[in-house]
Each structure stands twice: as structure tokens, then as C-alpha cells.
Amino acid sequence: MASSSVTSIILHQKRKSITSFIFITQPRYAVRYAPSLSLITRFSSHFRRNIQRQRPFSTAAPLPLSLRHFIPQSSLSPPSPHILPDALPASEVLPRGRIYHETYGCQMNVNDMEIVLAIMKKSGYSDIVEAPESAEIIFINTCAIRDNAEQKVWQRLNYFWFLKRQWKSNVAQGRSQSVRPPKVVVLGCMAERLKDKILDSDKMVDVVCGPDAYRDLPRLLEEVEYGQKGINTLLSLEETYADINPVRISKNSITAFVSIMRGCNNMCSFCIVPFTRGRERSRPVDSIVREVGELSKEGVKEVTLLGQNVNSYNDASGSEEDIEPGTNWELSEGFSSISKVKTMGLRFADLLDRLSSKFPEMRFRYTSPHPKDYPDDLLYLMRDRHNICKCIHMPAQSGNSLVLQRMRRGYTREAYLELVQKIRNIIPDVALTSDFICGFCEETEEEYADTLSLIKEVGYDMAYMFAYSMREKTHAHRNYTDDVPEDIKQRRLTKMIETFRDSTGQRYDSQIGTIQLVLVDGPNKRAPDAELIGKSDKGHRVVFTISPLPRRDNIDDMNRNPKVGDFVEVRILRSTRASLFGEAIAITKLSSFYKVAEEEAMVCDGRV
């Protein structure tokens, strides 16, 4: 054995008789037991004599030992007399295992699963199945943002446990098609938050892996082979997976998600993300441009840039000088931040500038931002670039300044409304979306009423609304009491949703009579043979009837039906509170549509 190897012996005893010995010589494994040197020497000599006796066909020097020599022979097919035991043909090597995966939570989790699949593929796990009953490895990527999401995961884990625990009977009854009991792997935010509880759940889970440890998954699965439970939930200050090309889950899709940064420094009092995802760190601009370039070659027409606080992106990889905290890091006017920037590099506006210039026929969105990081240069860039969608997410969370202070959001109701007005002055036809929480700690009826009035005053195109769910480890958990009864939370949530629906209807109605550029996603499920559906620049869902259309940029006059991935001009005829319905006019290109629109605007203004 090489001097750099770590040697350990795992002893399994039954009725005082040794039943198996395993020598592990890889340096990365820790020593399980530390017997005396004389004991190791006696065991080594004993095994070498026994192994040599089992090779009557070989007269060569003794071969080095491997794990295969100590597996019970009944579990192995007999080796061919012409093939050494350590050199089985590839056709006789069992597959590493088929993968089934489920993802809960945000789009960041979807992107993380694509990263996981890329890591596993590189390690030889390339087969993905559609049903957990056919898998030897089950990945479940989890969300810890609310208790509801965690309860769904526990339900699924119970079923996966059943598949593992009752594997033999499931196979016999035709319920399961896996070749061995599945290994269950919990990934993501819940893995970090509840790692001890998950591992203690009566052998329900084999591996627990946090968001920053996905590169370690192949090794953790090997640990399971040795009877151990694999766990790695360490958070990183550097990991961005910038060098990994994700395996896209949605094949032949015309939209894709690209992670540009990870973690969050905001430390809002209600939020678990900084504790499950760690501190902010951003990918280098060049790696993002390279990934988007590959997507463009694959035919992707729209990319959504992802991050827990996406517009605080800060690529300091090329910066060698520290700055005084806060210097030159412009926040939205009237907003503050608990965390100060120590090293300033390329900001989010710089990244969007480069991407939108390099890929003029690709549309760009981003999520999820914080209102504090909308400096003027970002707003003007969004106004001037036709391929940056005019849709801005502005998570308010509450409409009351005292609640916002308890939430540690870093702004007041007045500052938020002033930013809304500034955005609409710079980008007049912008769509605004938001997040709201009702029933936060100590929220009174008067404070809650301020949230309803904010929804009415701003007029959002879309919003995510939730009843507050306290999370352990958060600032609120340590400092406040979750004192709003659940029935009151649900009543407030119902009223909040009703208020939003009344106001959002006006936003959709305002689009009637306009011509929108729609990226076709696919057939409308309600009428798949007659209608197509897609999204406008503002993120509105648009439905239109299938019919042959002219092509703006084609010299021949042949009309054709639009297909998935086409940009289609649609005149909006009517609306509901969730969709727009229109008449398709023509198939066009992204840049051509906005060039024509700009020329028409110049004519109307008398500039030509």
C-alpha cells in the first residue's frame, strides 16, 4: 500500500466470529477503527494467503486486493477463467443506478436540480426515469421557505420510504421496477435546515446534501454503499457552480433559467434563506455569457436570470481593490441595507448591458430582486433595451412602515411608493409584480389595512401572497412572537387576494387594443388543436387562434402557422383577470418588432 493511503478496517462481528473485513485505501476516507499494527499485519497476511489459494489458474505474482475480493461470492457471478477478477467486461458491470427527481419551491431549485444532474452524469449516473418506482436513486429537492412546502416533502418522503422498505414485495407485485432498494437523497434548503431530523427519521433518508455541497454527491452515495449515511450541508462563501453546464430538465424548451448568484445578505427577519443558502456570491460575467451563448445555439429564445437577491449581483472576480463599505454602491433612493459591500465589481446593470447587447434576438427576465437595488442606471438600461422585458418585480411584503421595520426590509411605505413612481416615470408602460405577507408578528388590523391600500394604490399585474409562517433560526423566531391566530391569517389572506384581483383586472384591461409581441410556449391546454398560448413582454399570458400568418422578415409570401418558439404579433381583443385574448397578425423577430414600433413612434411625434 502506498505511504499516502489511509488504511482502515471495518469489523462486523456476529456471535464473536468475524464475518467480513473491508480494506479501504483511498486517502479521502477517514479511519473507522484504529487497531494495532500487529493486528493489521496478521489480518493482511491471512487474507493474502486465502486469496492466493483461490487463484489456481494464475501463476503470476499476487494481485493487489480490491473490494470485490471481500464481497460474498454468492452475490457475484463466477469470473471467466480467462479474465482476471478485477477486469470484468463493461457489459457485466451493473449500471450505477437510474435517477428519479422531484423539485419543490422556487425556480432556483429547478436550476439547482439541473446542476445536480450534470454532476451525476459526469460521475456515470446518466439514466433518468419518469417514475420513482423505476429508480435506484431518488432525489427530492426541497424548499424551507414555508411550513406548507415542508409538509409536502414529508409526505413524499413517506412514500419513498415505503418503496425502499417494502422493495421485495413491491417488485413481486409489479409495483416497483428498480433492480435494488432505492437510495433516497434530500437536497436543498430543507436539507440544511432539518438535517438532524431527516437523518433520524427511521432510516427514511440515505443522503442529506445542502445547496453548496452538490459536487460531493457521488462520494456521499459511495458512503451509503459502506453502510453509512451521507451528509454534507456546509455552506460556502465561494461556490457558484460557474464551471458546470446544467443538464436542462425541459428538453427542447425555448425558455431557460440561468443562475447568476447565490445566497442573500439582506437578513429580513421573516426569511430563512440566508441560513439555508448562505452569503451572497456572484458568478463571473464571462461564465454567464458563455452559458447564455450555449443556450442561444440550442434555440432558446428567453432566459430568466436567477438569484436569491438577483439585482444585488456583484462580480468582484476581476477587482483587486477593496472599497470603503457602501462607497459607490448606489441603492434605490430612500432605501438602506444591513450588509455593506466590501469589494465592488461589475453590477447587475453591467451584466444586463452585456447580455442584451450580445444576444439581441433573446429576451431577458430576472428574479427575484429586492427593491433596494434599483439604481437609476439599471432603470434606464431597461427602458432603452428592447430585449430586457419591461416587467419589474417589487416585493413589498407589507404596506405599513412599522411592520416593514419589524421585518427589517430597509425602507418605509413612502420610500417604496416614491420608487414605484420613479420606475413608471422612466418606463411608462412597465408591469409591476410583488410579494405580500399577512399576519406577520404583532400585525394589527390597522397595519394590515395599509397593505390592502398599497395594493390598490400601486396596481400590480401579478403578486404572490402568503400567510406568515414562522421559521426557526430567523430573526423573528428569536425576537418576536407569532401571535396572530391562524384563522385571522387566513381571513386576511383571502381578503388580500380579493383586493389584488380587483386591481389587477384594470391592468389587464388596459392592454385591450394594443399589439403585443408574444413568445409562443405551446398549445392552449383547453383547446390544443385550435389555440396557442405564450407570454408578452410584460409576462401576461396571451391566447390566440391558430391560423396561417405572414412572416415579416421573409422575402416569399408563403404564410404558415406559428409554432413554439416563434415571436408573434398579437392584437389584444379582450381580457380576464389572468389572461389576454387576441388575434395573431404576423410572425416576426424580436429586434424587427421593436424597430418598427420605434419608427412608428417617431412618425407620431413628428420626428421624421
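Hi everyone. Let me start at Arg408, which sits in the loop between α12 and α13. This is a predicted model, so please hear everything that follows in that light. Phi of Arg408 is near 60°, which is positive even though the residue is not a glycine. As a reminder, most residues other than glycine have a negative phi, and most peptide bonds are trans. With a relative accessibility of 27%, Arg408 counts as partly exposed.

Gln397 makes a nice companion to that. Gln397 is also a non-glycine residue with a positive phi, in this case near 70°. You'll find Gln397 in the loop between β15 and α12, the latter being residues 401-407. Is Gln397 buried or exposed? Its relative accessibility is 8%, so Gln397 counts as buried.

While we're on backbone geometry, there is one peptide bond to look at. The bond from Thr367 to Ser368 is cis, with omega near 0°. Ser368 belongs to the loop between β14 and α11.

Let me step back for a moment to the chain as a whole. There are 17 helices and 22 strands. The chain has 608 residues, and 49% of them count as buried. If you take contacts between residues at least 6 apart in sequence, 70% of them join residues at least 24 apart.

Now to helix α11, residues 376-384. Which of its residues are buried? They are Leu378, Leu379, Leu381 and Met382. Looking down the axis of α11, these buried residues fall within an arc of 160°, so they line one face of the helix. For the general background, an α-helix has 3.6 residues a turn, so residues three or four places apart point the same way. And what covers the buried residues of α11? The cover includes two helices, α10 (348-358) and α13 (413-426), along with the strands β14 (363-367) and β15 (391-393).

That brings in α13, so let's see how α13 packs against α14. Two packed helices are described by the angle between their axes and the distance between the axes. Here the axes of α13 and α14, which is residues 445-458, come within 12 Å and cross at roughly 10°. An angle under 35 degrees counts as roughly parallel, and α13 and α14 are therefore roughly parallel to each other. On the α13 side, the contact is made by Arg413, Tyr416, Leu417, Val420 and Arg424. On the α14 side, the residues are Asp450, Ser453, Leu454, Glu457 and Val458. Sorted by class, that contact has five nonpolar, one polar and four charged residues.

Next, a lysine I'd like you to click on: Lys489, in helix α16, residues 486-509. Why does Lys489 count as buried? Buried means under 20% relative accessible area, and Lys489 has 2%. What does its side chain meet? A polar atom of the Lys489 side chain lies 2.9 Å from the backbone oxygen of Tyr468. Setting aside neighbours within four places in sequence, Lys489 is in contact with Cys438, Gly439, Ala467, Tyr468, Asp482 and Val484.

Then there is His386, in the loop between α11 and β15. At 23% relative accessibility, His386 counts as partly exposed. A polar atom of its side chain lies 3.1 Å from the backbone oxygen of Pro360. Not counting residues up to four places away in sequence, His386 touches Pro360, Asp537, Leu590, Ser591 and Tyr594. How far apart are the C-alpha atoms of His386 and Phe593? They are separated by 9.3 Å, with those positions 207 residues apart along the chain as the sequence separation.

Two more pairs and I'll hand over. Leu331 lies in the loop between β12 (314-315) and β13 (346-347). Its C-alpha is 6.6 Å from that of Tyr374, which is 43 residues away along the chain. Leaving out residues up to four places away in sequence, Leu331 touches Ser336, Ser337, Lys372 and Asp373.

The other pair starts from Gln166, in the loop between α3 (147-165) and α4 (167-172). Gln166 counts as partly exposed, with a relative accessibility of 30%. Gln166 and Pro181 are 15 residues apart in sequence, and C-alpha to C-alpha they are 8.5 Å apart in space.

That's my tour. Thanks for listening, and I'm happy to take questions.

Definitions and conventions: Residues numbered from 1 in each chain as written. Predicted model: local features only at pLDDT ≥ 70, side-chain atom pairs only at ≥ 80, totals over all residues. Heavy atoms only, no water. Buried < 20%, exposed > 50% of the residue type's maximum accessible area, 1.4 Å probe, protein only. Helix = DSSP H or I, 4+ residues; strand = E, 2+ residues; numbered from the N terminus. Arc of directions from axis to C-beta. Contact = heavy atoms within 4.5 Å. Axes fitted to C-alpha atoms, helices over the stretch in contact; angles between N-to-C directions. Parallel < 35°, antiparallel > 145°, perpendicular 65-115°, else oblique. Nonpolar A, V, L, I, M, F, W, Y, C, P; charged D, E, K, R; others polar. Polar contact = N/O pair within 3.5 Å; in protein donor to acceptor, adjacent residues only side chain to side chain.
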